[in-house]
Amino acid sequence: MIEKPTLDLEKALWEQGFFYIAGIDEAGRGAWAGPVMAGAVILPVDQDLLNIMDGVRDSKQMTASERDYMTAVIMEHALSWAVGSADHQEIDQFGILPATRLAMERAIQGLSIKPQYLLLDYVWLPRQMTPQQSMPKGDVHSLSIASASILAKVFRDRWMTNEAAVRYPVYGFDQHKGYGTQLHQSRLEEYGPCEIHRKTFHPILKDLSLY
């Protein structure tokens with residue numbers, strides 16, 4: 001049975017006077033190519049959200065069509081939402097964790113409402129002065145984080161399909177979205193890395209050593 005995220009964390013914070021709570025999550029951290037993206041979502045203080053957004057789950061447990069549908073629902077009902085990214089060059093320059101934090105900070109900066117509290121999945125943002133809570137499997141437990149997870153995944157998938165796959169059609173980015181699938185590995189072996197491959201990631205370093 002798929003576990004549904006709840007508003008338990010949000011409700012506890014609402015009761016403490018935190019009404020603008022941003023759920024934050026990333027997509028693409030483990031990919032071999034392309035950006036890492038982060039979503040940030042502030043939901044209204046509304047108990048009916050559990051019914052309105054009943055289809056929201058951890059994005060990895062949803063189909064692409066389910067994610068697309070729920071993205072429209074999230075964008076309609078959120079008080080504010082934003083997506084930030086860090087590209088392959090920033091990932092290679094700073095490392096994947098700092099680049100992930102950078103994408104999250106950019107998502108927060110893109111919100112039209114300044115959040116009073118941050119709920120994050122795993123990652124901690126040490127440069128943020130806003131109170132925050134980071135937890136494992138946050139996208140399973142928090143509706144705000146799960147919503148951010150969906151936006152990050154959908155926007156990144158669209159970029160890999162509409163931008164990366166068009167610019168570099170031989171790699172099949174529209175199919176594997178830059179992750180380390182058998183198809184991606186075979187195309188790397190045939191064509192070598194392209195511009196948006198993360199050159200500091202071990203599988204790409206290994207292929208670069210062949211050229």
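Contact means heavy atoms within 4.5 Å of each other. The views below show a predicted model.

**View A. Glu10 and its surroundings in helix H1.** Glu10 belongs to helix H1, which covers residues 8–15. Apart from neighbours within four places in sequence, Glu10 is in contact with Ile21, Leu119, Ser142, Leu143 and Ser144. Glu10 is buried but takes part in no salt bridge. Lys11 holds the nearest side chain of opposite charge, 8.6 Å away from Glu10.

**View B. Leu118 in strand S4.** Strand S4 comprises residues 117–121 and includes Leu118. Leu118 counts as buried because its relative accessibility is 0%, and buried means under 20%. When neighbours within four places in sequence are set aside, the contacts of Leu118 are Ala22, Ile24, Ile108, Leu125, Gln128, Thr130, Pro131, Gln132 and Gln133. Ala99 is 19 residues from Leu118 along the chain, and a distance of 18 Å separates their C-alpha atoms.

**View C. The largest pocket and its lining.** The largest pocket holds about 320 Å³ of space. It is lined by 18 residues, of which Glu26, Ala27, Ser59, Lys60 and Asp139 are the closest to its centre. Ten residues of the lining are charged, four are polar and four are nonpolar. Strand S1 (21–27) and helix H7 (143–167) each contribute at least two residues to this lining. With three residues, S1 gives the most to the lining of the largest pocket.

Conventions: Residues numbered from 1 in each chain as written. Predicted model: local features only at pLDDT ≥ 70, side-chain atom pairs only at ≥ 80, totals over all residues. Heavy atoms only, no water. 1 Å grid on protein atoms, 1.4 Å probe; cavity = no way out; pocket = protein on both sides within 12 Å on 5 of 7 lines; lining within 4 Å. Points joined across faces, edges and corners; volume = space filled by probe spheres on them. Helix = DSSP H or I, 4+ residues; strand = E, 2+ residues; numbered from the N terminus. Nonpolar A, V, L, I, M, F, W, Y, C, P; charged D, E, K, R; others polar. Buried < 20%, exposed > 50% of the residue type's maximum accessible area, 1.4 Å probe, protein only. Lys, Arg positive; Asp, Glu negative; His and termini not counted. Salt bridge = Lys/Arg side-chain N within 4 Å of Asp/Glu carboxyl O.
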